[in-house]
Amino acid sequence: RHFRLLSLYIQTHEYSKALKLIQNTIAIVTGNMHFEEAVRKEYEENDIDQAKKYYELTLQSNKRHSGAYTNLATIAYYRENRIEDALKLLASAINNDFGSENYLAHYHMAYILETEKEEYEKAKEHYNMAIHINPEDGLSHMHLGSLVIDTDLQ
């Protein structure tokens with residue numbers, strides 16, 4: 001798709017648009033390379049500081065990389081107990097999830113809202129969104145079911 005658009009810009013002598021498209025494409029590819037390295041650092045080497053560095057580099061290349069925000073949020077919450085930072089990062093992940101594919105951001109948002117903030121209605125909304133995006137997400141089904149039962153009993 002990008003190559004057809006690039007070709008069109010060149011054919012119509014819109015060189016500044018062609019250059020911008022090339023720059024954006026390079027940024028996305030670079031961001032994805034940094035993201036893959038961050039995931040490797042986090043999950044294979046358990047090097048959280050380096051993982052955070054590469055997630056930040058991902059966001060420098062592509063400010064809309066929903067996965068990088070989500071993974072930084074999980075580090076902030078589960079490894080560093082920085083609840084408010086995690087919520088902000090998850091909000092960024094959700095706001096930048098233009099393909100509506102990041103069910104994990106909704107799951108983690110729901111979990112933190114439920115367990116840390118006791119904002120049960122908001123948590124239900126995020127569990128439902130995670131399930132809508134990925135109906136096979138067992139954790140969201142389990143937590144939503146448990147939350148509904150618990151709140152109905154109160």
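**Packed helices and a pocket**

In this predicted model, helix α6 and helix α7 (residues 120–133) have axes that come within 8 Å and cross at roughly 160°. Angles over 145 degrees count as roughly antiparallel, and α6 is therefore roughly antiparallel to α7. As for the handedness of this arrangement, α6 passes α7 in a left-handed crossing. On the α6 side, the contact is made by Tyr-103, His-106, Tyr-107, Met-109, Ala-110, Tyr-111, Leu-113 and Glu-114, while α7 contributes Tyr-120, Lys-122, Ala-123, His-126, Tyr-127, Met-129, Ala-130 and Ile-133. Sorted by class, the residues of this contact between α6 and α7 comprise 12 nonpolar, two polar and two charged.

Helix α6 (residues 103–117) also packs with helix α5 (residues 83–95), and here the axes come within 9 Å and cross at roughly 150°. The two helices, α5 and α6, are therefore roughly antiparallel to each other, and the crossing in which α5 passes α6 is left-handed. From α5, the residues Ile-83, Glu-84, Ala-86, Leu-87, Leu-90, Ala-91, Ala-93 and Ile-94 take part, and they meet Ala-105, His-106, His-108, Met-109, Ile-112, Leu-113, Glu-116 and Lys-117 in α6. The contact of α5 with α6 is made up of 11 nonpolar, two polar and three charged residues.

A further pair is found earlier in the chain, where helix α3 (residues 48–61) and helix α4 (residues 66–79) pack at an angle of about 150°, their axes being 9 Å apart. This angle makes α3 roughly antiparallel to α4, and the crossing of α3 and α4 is left-handed. Which residues of α3 and α4 meet? In α3 they are Ile-48, Lys-52, Tyr-55, Glu-56, Thr-58 and Leu-59, and in α4 their partners are Ala-68, Tyr-69, Asn-71, Leu-72, Ile-75 and Arg-79. The contact of α3 with α4 divides into seven nonpolar, two polar and three charged residues.

Besides the places where helices meet, one may also look at the space that is left open. Rolling a probe the size of a water molecule over the atoms shows where such empty space is left. The second largest pocket holds about 160 Å³ of space, and its lining consists of Arg-64, His-65, Ser-66, Asn-96, Asp-97, Phe-98, Gly-99, Glu-101 and Asn-102. By class, this lining of the second largest pocket has one nonpolar, five polar and three charged residues.

Technical notes
Residues are numbered from 1 along each chain as its sequence is written. This is a predicted model: local features need pLDDT of at least 70, side-chain atom pairs count only at pLDDT 80 or more; totals for chains, interfaces and linings use all residues. Side-chain values use heavy atoms; hydrogens and water are left out. Axes are lines fitted to C-alpha atoms, for helices over the stretch in contact, and angles run from 0 to 180 degrees between N-to-C directions. Helices (H or I, at least four residues) and strands (E, at least two) are DSSP runs, numbered from the N terminus. Angles under 35 degrees count as roughly parallel, over 145 as roughly antiparallel, 65 to 115 as roughly perpendicular and the rest as oblique. A crossing is left-handed if the near helix is turned anticlockwise from the far one by less than a right angle, and right-handed if clockwise. Contact means heavy atoms within 4.5 Å. Ala, Val, Leu, Ile, Met, Phe, Trp, Tyr, Cys and Pro count as nonpolar, Asp, Glu, Lys and Arg as charged, and the others, Gly among them, as polar. On a 1 Å grid over the protein atoms alone, a cavity is a set of points where a 1.4 Å probe fits but cannot get out, and a pocket is an open set with protein on both sides within 12 Å along at least five of seven lines; lining residues have an atom within 4 Å of a point. Grid points are joined across faces, edges and corners, and a volume is the space filled by probe spheres set on the points.
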